[in-house]
Amino acid sequence: DWSKVTVLPVDERFLPDSHKDQNGNLIKNNLIQKEAAQSNWFPVVLDSADSEKNLSAVREKVKGINQPFTVTILGMGTDGHTASLFPCSKELETGMAEDGEDIIITNPTSAPYQRISFTKKAILNSKFLFLHCYGEEKKQILDSLDSHSEKEYPIKAFINQKTTKIEIFWTK
């Protein structure tokens, strides 16, 4: 029953709704279609003009969502980041902490736009966790995780944890 499903992005760029670079556009245009259009869409950028005000509003609104999350789908960048937990971000340590906030603002230096992101703690509060990635470059990252730290490749912290089983879906 899609009307009982809430769909929200794990992270988002601070941009106005429907901006071409928003993750929400991909979700709305590719997932929330046909029967799934009856789901409850929850954008995590409610106020693209004021990130701190937006952060407070989203933190409050997330409290109303049933948790643990049922399904969380992560992607991975070619720098080993996931969600908006970038190795170059000064907020990485906060985002990977075992305690603290569930949602933070990040400012990656290697990618455009300030972002809002769920933290590792919040993401692992899921019944089912999936990593979807593609391409040879990302396969090389997955194959080389043992020789890198979680600070170098934040995705390693999600793959090597014992809280929530993660399934990896990689394609060429």
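In this predicted model, three strands make up an open sheet whose order is β2-β6-β5, and the pairing within it is antiparallel. The edges of this sheet are taken by β2, which covers residues 11-13, and β5, which covers 103-106; each has a single partner strand, so one side of each is left without a neighbour in the sheet. From one strand to the next, the twist averages 15 degrees. The pairing of β2 with β6, a strand of residues 115-118, is antiparallel and rests on three bridges, and within this part of the sheet R13 stands opposite R115 of β6. A helix also belongs to this picture, for α2, made of residues 51-62, lies across β5 and β6 and runs at about 160 degrees to β5.

A second open sheet, likewise described by its strand order, has three strands arranged as β4-β7-β8, and here the pairing is parallel. Its edge strands are β4 and β8, the latter spanning residues 166-171, and each of them pairs on one side only. The twist in this sheet averages 15 degrees from one strand to the next. Between β4 and β7, which run parallel, there are five bridges, and one residue pair that can be followed by eye is T72 with its bridge partner L129 in β7. Helix α5, formed by residues 136-143, lies across β7 and β8, and its direction makes an angle of about 125 degrees with β7.

The strand β4, an edge of the parallel sheet, also leads to the largest pocket, since it gives the most to the lining of that pocket, with six residues. The space in this pocket amounts to about 1,500 Å³. It is lined by 42 residues, of which L8, P9, V10, I27 and I73 are the closest to its centre. The elements that give two or more residues to this lining are β1 (6-7), β2, α1 (23-30), β4, β6 and β7 (126-134), so that strands named in the antiparallel sheet, β2 and β6, appear in the list together with β4 and β7 of the parallel one.

Beyond the end of β4, which spans residues 69-74, the chain enters a loop that leads to α3 (92-96), and T82 has its place in this loop. Is T82 buried or exposed? Its relative accessibility is 1%, and because buried means under 20%, T82 counts as buried. A polar atom of the T82 side chain lies 2.6 Å from the backbone oxygen of G75. When residues up to four places away in sequence are not counted, T82 touches L74, G75, I155 and F158.

One of these contacts, I155, takes the reader on to helix α6, which is made of residues 155-159. With a relative accessibility of 0%, I155 counts as buried. Leaving aside its neighbours within four places in sequence, I155 is in contact with G75, M76, G80, T82, L131 and L145, and G75 is thus a residue that appears among the contacts of T82 and among those of I155. The C-alpha atoms of I155 and F86 are separated by 9.4 Å, although the two residues are 69 residues apart along the chain.

Conventions. Residues numbered from 1 in each chain as written. Predicted model: local features only at pLDDT ≥ 70, side-chain atom pairs only at ≥ 80, totals over all residues. Heavy atoms only, no water. Pairing = 2+ DSSP bridges. Helix = DSSP H or I, 4+ residues; strand = E, 2+ residues; numbered from the N terminus. Axes fitted to C-alpha atoms, helices over the stretch in contact; angles between N-to-C directions. Contact = heavy atoms within 4.5 Å. Buried < 20%, exposed > 50% of the residue type's maximum accessible area, 1.4 Å probe, protein only. Polar contact = N/O pair within 3.5 Å; in protein donor to acceptor, adjacent residues only side chain to side chain. 1 Å grid on protein atoms, 1.4 Å probe; cavity = no way out; pocket = protein on both sides within 12 Å on 5 of 7 lines; lining within 4 Å. Points joined across faces, edges and corners; volume = space filled by probe spheres on them.
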